[in-house]
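Here are my notes, point by point. They cover the pockets, the core and a handful of residues. Please read them with the structure open.

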Amino acid sequence: MPVRAPDLARAKMLGRTAARSLAFLTHVDSGETTVSTEDNQGVRHRVFCDHRLDDGRRCILRADHETPCTARLPR
């Protein structure tokens, strides 16, 4: 889904928001969400951490987070 964002950080934020909004759909794998620039679509940037947790689920935090991985958003 092509959208515009002023920079990579905001593009990742938009990607995370869109993926979380569609998470109720069983065929959507939010953990595979990536963004890229229009001029360099072959270079993709992950928006979520790629780490699998012990129970098989993925970490739901942003890519390159500094806190321990988790399956739930912190409150």
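1. Helices here are DSSP runs of H or I with at least four residues, and strands are runs of E with at least two, numbered from the N terminus. By that rule Ala11 sits in helix H1. The model is a predicted one.

2. Start with the largest pocket. It holds about 800 Å³ of space. Its lining counts 22 residues. Nearest the centre are Met1, Pro2, Val3, Val35 and Ser36.

3. Which elements each supply at least two residues of that lining? They are helix H1 (8-21), strand S1 (34-37) and strand S2 (40-46). H1 gives the largest share, with six residues. By class, the lining of the largest pocket splits into 12 nonpolar, six polar and four charged residues.

4. Ser36 deserves a look, as one of the residues nearest the centre of the largest pocket. Ser36 belongs to strand S1. Its relative accessibility is 32%, so it counts as partly exposed. Beyond its neighbours within four places in sequence, Ser36 contacts Gln41, Val43 and Arg44. Pro6 is 30 residues away from Ser36 along the chain, and their C-alpha atoms are 12 Å apart.

5. Ala11 is buried, because its relative accessibility of 17% falls under the 20% limit. Not counting residues up to four places away in sequence, Ala11 touches Ala5 and Val35. Ala11 and Ser36 are 25 residues apart in sequence, yet their C-alpha atoms are 8.3 Å apart in space.

6. Next, the core. Which residues form the largest nonpolar core? There are five: Ala11, Ala19, Val35, Val47 and Phe48. In soluble globular proteins, nonpolar side chains tend to be buried together. Val35 also appears among the residues nearest the centre of the largest pocket.

7. Phe48 has a long contact list. Leaving aside neighbours within four places in sequence, it contacts Arg16, Ala19, Arg20, Ser30, Gly31, Thr33, Ile60, Leu61, Arg62 and Ala63. Ala19 is a fellow member of the largest nonpolar core. Phe48 also helps to line the second largest pocket.

8. Is Arg16 buried or exposed? Arg16 is buried, since 14% relative accessibility is under the 20% cut-off. Arg16 lies in helix H1. With residues up to four places away left out, Arg16 touches Val47, Phe48 and Arg62. Two of these partners, Val47 and Phe48, are in the largest nonpolar core. From Arg16 to Gly56 the C-alpha separation is 20 Å, at 40 residues along the chain.

9. Now the second largest pocket. Its volume is about 190 Å³. The lining consists of Arg20, Ala23, Ser30, Gly31, Phe48, Arg57, Arg58, Cys59, Ile60, Ala71 and Leu73. Six of these residues are nonpolar, two polar and three charged.

10. Arg20 is part of that lining and is placed in helix H1. At 38% relative accessibility, Arg20 counts as partly exposed, because the value lies between 20% and 50%. Outside the four-place sequence window, Arg20 contacts Phe48, Ile60 and Leu73. These three partners also line the second largest pocket. Asp54 is 34 residues from Arg20 along the chain, with 22 Å between the C-alpha atoms.

11. Arg58 lines the second largest pocket as well. Arg58 is found in the segment after S2. Its relative accessible area is 13%, so Arg58 is buried. The side chains of Arg58 and Asp29 are joined by a polar contact of 3.3 Å.

12. Which residues does Arg58 touch, not counting those up to four places away in sequence? They are Asp29, Gly31, Glu32, Arg46, Asp50, His51, Arg52, Leu53, Thr70 and Ala71. Gly31 and Ala71 are also listed in the lining of the second largest pocket.

13. Last, a backbone point. Asp64 has a phi near 65°, a positive value in a residue other than glycine. Asp64 is located in the segment after S2. With a relative accessible area of 65%, Asp64 is exposed, because the value is over 50%.

Notes:
Residues are numbered from 1 along each chain as its sequence is written. This is a predicted model: local features need pLDDT of at least 70, side-chain atom pairs count only at pLDDT 80 or more; totals for chains, interfaces and linings use all residues. Side-chain values use heavy atoms; hydrogens and water are left out. On a 1 Å grid over the protein atoms alone, a cavity is a set of points where a 1.4 Å probe fits but cannot get out, and a pocket is an open set with protein on both sides within 12 Å along at least five of seven lines; lining residues have an atom within 4 Å of a point. Grid points are joined across faces, edges and corners, and a volume is the space filled by probe spheres set on the points. Ala, Val, Leu, Ile, Met, Phe, Trp, Tyr, Cys and Pro count as nonpolar, Asp, Glu, Lys and Arg as charged, and the others, Gly among them, as polar. A nonpolar core is a set of buried Ala, Val, Leu, Ile, Met, Phe, Trp, Tyr and Cys residues joined through side-chain atoms within 4.5 Å. Buried means under 20% relative accessible area, exposed over 50%, partly exposed in between (1.4 Å probe, protein chains only). Contact means heavy atoms within 4.5 Å. A polar contact is a pair of N or O atoms within 3.5 Å; within protein, one must be able to donate a hydrogen and the other to accept it, and residues adjacent in sequence count only if both atoms are side-chain atoms.
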